Amino acid sequence: MRLRNIPGARETLAENDFVLQDPAQYKGSFHTLFGNSNPIHIEIGMGKGRFITELARLHPDINYLGMEKYSSVLIRALDKIKENPPSNLYFLRMDAEDIAEIFAPNEVDRIYLNFSDPWPKDRHAKRRLTSSQFLERYDKILTADGQVIFKTDNRPLFDFSLEEIEKSGWILDSKTYDLHHSEYMEGNVMTEYEEKFSAQGNPIHQMTAHRIK
C-alpha cells in the first residue's frame, strides 16, 4: 500500500514533538505528559487522524492518545494538526498488541476502535481488535468504569465482536446496526471511512461495552 511507504516518514515522526518516541516511559504517569489529571481516551488504529483530532478540539478537558502502527499513515495525521495543534493530543506509533506494556492498570478511561481490520480468515481471529485476546489486554488498562466503543460497517466483524464481548464476560452497554439512524447519533464524530461508507449507503454498526468491575 502506498500510504505505508512514504519515503522519510519514520524520520519525520522521530523529529515531531507530538509523536511519543518512548511512550513506555510514561506508563502510570501519562498525566505528567499532559500536565493535568483529566481522563485519558485512546484510539487504536487511528489512521489519518480525523476522528481523534476532532475529538481533541471538541473536548479540551479530555486527554487523547492516537495509536497507529504505520508510519506513512500516521504522518497524515500530523498534517491535520500542523497549523493549530491541540495541547491535549499526542500520537504513538506502535502495535496494539503491546498496549499493556505502555499503560498501567486503571490508567485509560475509554478506548475507541473505528473500522478496524476485519482479518476475515478464521485463523486470524485473534488479531481482530475486538477479539477476546485484545479484550483481555484492554481489561488490564481500563479504569473500573472504562469503556470500549467500536464502530464498523462490517456486519460479520460486528457480530463476531458481540459474541466476544459476551464470551469475555464484558457488559454490553449499547448496540445499533444503523448508527446514523439511531438515538446514538447525537455527538457522533465521523472518521474518513465512516463518511465514505455511509455515503455509499452502508449502515454503520456501533457498540459500547465496559469490563467487569
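How much space lies in the second largest pocket? The value is about 340 Å³, and I should say at once that the model before us is a predicted one. The lining of this pocket comprises 21 residues, and those nearest its centre are Arg110, Tyr112, Ile149, Gly187 and Asn188. Four elements give two or more residues to that lining: helix H3, residues 50–58; strand E4, 108–114; strand E5, 142–152; and strand E7, 205–210.

Let me turn to the nonpolar interior. In soluble globular proteins, nonpolar side chains tend to be buried together. Here the largest nonpolar core has 37 residues, and the members that touch the most others are Phe30, Ile42, Ile44, Leu65, Phe103, Ile111 and Tyr138. Helix H7, residues 155–167, gives the most to this core, contributing five residues. A second core, separate from it, holds 20 residues, among them Ala9, Leu13, Met46 and Ala77. Returning to Phe103, and setting aside residues up to four places away in sequence, one finds that Phe103 touches Lys27, Phe30, Ile42, Leu65, Met67, Val108 and Ile141.

Next, the annotation. An unreviewed UniProt entry places the feature "binding site" at Lys121, Asp153, Thr191, Glu192, Tyr193 and Glu194. These positions span 74 residues of sequence and are spread in space as well, with up to 25.1 Å between C-alpha atoms.

Two of the annotated residues deserve a closer look. Glu192 belongs to helix H8, residues 192–199, and Tyr193 has its place in H8 too. Is Glu192 buried or exposed? Glu192 counts as partly exposed, because its relative accessible area of 27% falls between the limits of 20% and 50%. Tyr193, at 47%, is likewise partly exposed. Beyond its neighbours within four places in sequence, Glu192 is in contact with Lys48, Gly49, Arg50 and Lys80. With Arg50 there is a specific polar approach: a polar side-chain atom of Glu192 lies 3.5 Å from the backbone nitrogen of Arg50.

Finally, a point of backbone geometry. Most residues other than glycine have a negative phi. Which values do we find at Phe115 and Trp119? Phe115 has a positive phi, near 50°, and Trp119 also has a positive phi, of about 40°. Phe115 is located in the loop between E4 and helix H6, residues 132–141, and Trp119 is found in the loop between E4 and H6 as well. Their accessibility classes can be stated separately: Phe115 counts as buried at 12% relative accessibility, whereas Trp119, at 23%, counts as partly exposed.

Methods: Residues numbered from 1 in each chain as written. Predicted model: local features only at pLDDT ≥ 70, side-chain atom pairs only at ≥ 80, totals over all residues. Heavy atoms only, no water. UniProt positions renumbered as here; feature names shortened; annotations may be inferred. Buried < 20%, exposed > 50% of the residue type's maximum accessible area, 1.4 Å probe, protein only. Contact = heavy atoms within 4.5 Å. Polar contact = N/O pair within 3.5 Å; in protein donor to acceptor, adjacent residues only side chain to side chain. Core = buried A, V, L, I, M, F, W, Y, C linked by side-chain atoms within 4.5 Å. 1 Å grid on protein atoms, 1.4 Å probe; cavity = no way out; pocket = protein on both sides within 12 Å on 5 of 7 lines; lining within 4 Å. Points joined across faces, edges and corners; volume = space filled by probe spheres on them.
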